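Hello,

Here is the structure I promised to pass on to you. Have a look at it first, and then read on for what turned up.

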2 protein chains.
Amino acid sequence: MAPPCCHDGRVHRSNDDATDRSNGSPPGPGSDFLQLDIGEAPTGGRADWLTRQLRLALADGRLPVGSRLPATRVLAAELRVSRGVITEAYQRLAEDGHTVGRGRKGTIVVAVPAPSGRPLAPRAPAAGTAAPHRGVPGPRGPSAEVFPAVPGPDVYDRLRTAPARIDLTPGMPDLGAFPRGAWLRAERSVLSGLASSHLGYGDPRGAPALREAVAGWLARNRGVHADPAEILIVTGTAQTLTLLGEVLREAGITRVAVEDPGSLGARQHLSGRRLGILPVPVDTEGIRVDALRATGAPAVLVTPAHQFPTGVVLSGSRRRELMRWAEETGGLVIEDDYDAEHRYDRPPVPALRSMLPQHVVYAGSVSKLLAPALRIGWVLAPPGHHEALTAAKRFADLGSAVLPQLVLARLMESGELERQLRLLRRRHHRRRDAMIQAMAAQLPGAVVHGAAAGLHLMVTFDADLDDTELAAAALAHGVKVQPLSWHTLGGYRPGLVLGYAANDAGTIRDGVSLLGTALRSLVGRAAAPA
Amino acid sequence: MAPPCCHDGRVHRSNDDATDRSNGSPPGPGSDFLQLDIGEAPTGGRADWLTRQLRLALADGRLPVGSRLPATRVLAAELRVSRGVITEAYQRLAEDGHTVGRGRKGTIVVAVPAPSGRPLAPRAPAAGTAAPHRGVPGPRGPSAEVFPAVPGPDVYDRLRTAPARIDLTPGMPDLGAFPRGAWLRAERSVLSGLASSHLGYGDPRGAPALREAVAGWLARNRGVHADPAEILIVTGTAQTLTLLGEVLREAGITRVAVEDPGSLGARQHLSGRRLGILPVPVDTEGIRVDALRATGAPAVLVTPAHQFPTGVVLSGSRRRELMRWAEETGGLVIEDDYDAEHRYDRPPVPALRSMLPQHVVYAGSVSKLLAPALRIGWVLAPPGHHEALTAAKRFADLGSAVLPQLVLARLMESGELERQLRLLRRRHHRRRDAMIQAMAAQLPGAVVHGAAAGLHLMVTFDADLDDTELAAAALAHGVKVQPLSWHTLGGYRPGLVLGYAANDAGTIRDGVSLLGTALRSLVGRAAAPA
């Protein structure tokens, strides 16, 4: 049985590999447009293939800003595929922010990815010059909100540190899938071939082999074309935020806007560097750029691929709005691409960095791909911040541990990491479906959000409920979850953030069942006479 | 042929294992004092054995502060050993700072190591209470010297980054001796037995297994009795200094005294956290505590076991003076124990931390024992700073990479690291001797300092010479060395700091020969008509 899939509470079937199901015609002679040859496309993956071809053409200049895509009807006929294939590919480009539909004028290219190493401002060339933050004013007075250290310290500490029989907190991949054998084989190979000089202090920017491998990974998987020299290896996104906080303060930036709801941990790392935090609401399209603009913030931290914790994918129009904001104000976008590779029911979305390298700090890591214990991540800063960030890394720790970097580089070069990702996707998919099914049975009033990707989902409750109390009640029943209120500043519906990746289906079912018991005990208590 | 050995230019033979050469008498019945049984002592190592017994008695309370050791003549007769054995053991205790000679009153215990976990103030109990820095005033105005970013930026950059055929810069062990096989075996064993949950974020203080192993290592090798809970695993001493700089600034400390000459890198890490640097001169006994006292500094960074770069061992009277300073002023001693395990011609000196845990931050790492590339170190802070330092580590990077920590713990537990240390000592010893011999032949005017331990030595020249020019000339001849002036603030004789551990004897001879050529070219030029 194909598992059901769920966005925002609506249950429907997965559309993976179903995009051209209606079209059974044999490969046609192709189209003059980009010399597309449908014979190259795998059956069952034609929309994917076409999207890839179009993105390539955007990237290498064959489809410059202002050019028009063929009408869907025309291209479908030329390629002898169903119109749905073309529509889906065009839709993805629009979601990327590359194109807009202009009604009867057709689909127009409005932004293209920047080539490696060279900043490119798609629609406002003047903003592409060096040091985009020169114009940013310094400290803007006391209007910045400083985030409180922790939400409700007592319960917070207990929920964070208490052991529990079943841990459904978010942020952890399936650690049982860690490729121990492949890791050890790669390490043996690294150690046997290594020059002794590589056991010294090494390059504080990271091992050249890993920077090379990460550049390849980002190009293949995230649409980001980067020169290895632009890549800084760090110990993870936590270090990125701490170092960046330092660099931004040095550059006179004292406040950073964040998504609300948004990651508590990320906010803690920024406020740990004494940056004021300005919450900006998130709706079903992602961060509200009009509200961002109203804060006057010089920088914003976003999770465009899979917003934490709501799971919303930043819509195409919001992507364009955000880019416009960055270009017009010289604002800095900090893109935390924390679990972008994990998607189940939706096409991949390229990173914002692929569009706006001169305005985007891009942060990634292997914490959700392999294991947080490895402490390996990467950051790509705009040219204006790159040197300061490298210096900050050098002062922080003289560079990351070398051996694990070299081992990871091997796993990336050999395709092992892609195999690992495919394995994780299958396992996480099953676990997600188990969680959704269990919730439908055990938490009938709950609304599920953001389940199309990632390692967690969010549920909200319409009931009048204190979600911290709910989490505490769940803990008393042996299940650890995170209350949604931890991750909000401006108030939101009560809810929970639930990780499904780290537990098997049986454990997930048990956990959700206990959660249901905890919920009923709370609601029952509220209904009882005082 | 036994290799010659050299302190401060005076060449003499090693006295290792030669301490009781004059005494050939059979094991006697022993002494009532501490129930010493000389039959337990290995022949050829009696002074070592006696020193160990006395230290044990100091540590476990059998020799409290104020007690008197037997006269050397008496104890020698009771143990039927030569008086030289007793004198040497007593001398070591005095060098540790445990005892003082009171002329005809004999040798008196003045300080004992603190037991694990419990701070103990040997001579000023009132200072042993919590939060020793409460009384330290805040920022003391502009008298603090802020260290200039780099000495002579142009030549500095070139000397730091230019490749050279032969690299004689200090700070690197014999990387060819890295135990690749043992590392890989330990990693396989770790990976095969590891619970998946250990691949998560882990304890930001470090893996419990490694903290346990480091506690054992410090007790066995550095005389430090620490509870694993006191130990914080970091990525090395650079991270220790950066985190500590943050913590000290938070505690209102804005200036730190440093040894002069002293490590440029260490100063850079402290001033990177905006701490003012106050240089304190070093003489043949180590840091001048009277001059430290005169600066009014609330904290001091020292390298007592093997001063960098002079190689001086902090004398017993200076150790006592430094402890008195810490107790009387509430001052903080930051002990960088960077290469204490590497000694050739002198007995081990226990760490200052063993005497004064409530006033000493102790920093160590495996960079000189295994490889800097591992990025593993540890820090023990006084109780008043421990929590803040742990929080700083958590904010910096959420904790160090877990796998290398667990592998290192295995190597420490299995005795592999001690084997590695013995191997390194033998290899480094040979390389040091090769360097000293080559210098005697090639650099006749040079005076060698601090060669009894460590991975480097210092040479000074009486000639009127710019040592940065000499280093630049050497680089032009294919040899990279560090000018002594990099590591001084207050001016010093011209000199060089030369690492010998990382190169084989042949390379060292070639390097020193080329250095001689460079020196003669400079001196010749100076002698030539302008």
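Let me begin with one pair of residues: in chain A, the bridge partner of A:His449 is A:Met458, which lies in E16(A). Please keep in mind throughout that this is a predicted model.

**Around strand E16 of chain A**

That pair belongs to a longer stretch of pairing, in which strand E15 (residues 447-449) of chain A and E16(A) run antiparallel over three bridges. The two strands make a hairpin, with six residues between them. In the turn, A:Gly450 has a positive phi of about 65 degrees.

E16(A) has a second partner too: strand E19 (residues 495-499) of chain A, joined to E16(A) by five bridges in the antiparallel sense. Within that pairing, A:Val459 stands opposite A:Leu496 of E19(A).

How many of the five residues of E16(A) are buried? Five of the five are, so to put it in words, strand E16 (residues 456-460) of chain A is mostly covered. A:His456, A:Met458 and A:Thr460 point one way from the strand, while A:Leu457 and A:Val459 point the other way, and all are buried.

**The matching region in chain B**

In chain B, you will find an open sheet of four strands with antiparallel pairing, in the order E15-E16-E19-E18. Its edges are strand E15 (447-449) and strand E18 (482-483) of chain B; each has a single partner strand, so one side of each is left without a neighbour in the sheet. Helix H13 (residues 416-442) of chain B packs on this sheet and touches E15, E16 and E19 of chain B. The direction of H13(B) makes about 15 degrees with that of E16(B).

Inside the sheet, strand E16 (residues 456-460) of chain B and strand E19 (residues 495-499) of chain B run antiparallel, joined by five bridges. One residue to click on is B:Thr460, whose bridge partner in E19(B) is B:Gly495.

**Two helices in chain A**

Back in chain A, helix H12 (residues 402-413) and helix H13 (residues 416-442) have axes that come within 4 Å and cross at roughly 75 degrees. The two helices are therefore roughly perpendicular to each other. From H12(A), the residues A:Leu408, A:Leu411 and A:Met412 meet A:Glu416, A:Leu417 and A:Glu418 of H13(A). By type, the residues of this contact are four nonpolar, no polar and two charged.

**The eight-stranded sheet of chain A**

Chain A also has an open sheet of eight strands with mixed pairing, in the order E7-E14-E13-E12-E11-E8-E9-E10. Which strands stand at its edges? They are strand E7 (231-234) and strand E10 (286-287) of chain A, each with a single partner strand, so one side of each has no neighbour in the sheet.

For E7(A), that partner is strand E14 (residues 377-380) of chain A, paired in the antiparallel sense over four bridges. There, A:Val234 has A:Gly377 of E14(A) as its bridge partner. Helix H11 (residues 383-397) of chain A packs on the sheet, touching E7, strand E12 (332-336) and E14 of chain A, and its direction makes about 25 degrees with that of E7(A).

**How the two chains relate**

Finally, chain B is superposed on chain A by a rotation of 180 degrees with 0.1 Å of shift along its axis, at an RMSD of 0.2 Å. That is the relation of a two-fold axis. Of the interface residues of chain B, 100% are also interface residues in chain A, so the copies meet through the same surface.

Happy browsing, and best wishes

How values were computed: Residues are numbered from 1 along each chain as its sequence is written. Chains are lettered from A and ligands numbered from 1 in the order in which they are written. This is a predicted model: local features need pLDDT of at least 70, side-chain atom pairs count only at pLDDT 80 or more; totals for chains, interfaces and linings use all residues. Side-chain values use heavy atoms; hydrogens and water are left out. Copies are superposed by least squares on the C-alpha atoms of residues with pLDDT of at least 70 in both. Contact means heavy atoms within 4.5 Å. Axes are lines fitted to C-alpha atoms, for helices over the stretch in contact, and angles run from 0 to 180 degrees between N-to-C directions. Angles under 35 degrees count as roughly parallel, over 145 as roughly antiparallel, 65 to 115 as roughly perpendicular and the rest as oblique. Ala, Val, Leu, Ile, Met, Phe, Trp, Tyr, Cys and Pro count as nonpolar, Asp, Glu, Lys and Arg as charged, and the others, Gly among them, as polar. Buried means under 20% relative accessible area, exposed over 50%, partly exposed in between (1.4 Å probe, protein chains only). Two strands pair if DSSP finds at least two bridges between them.
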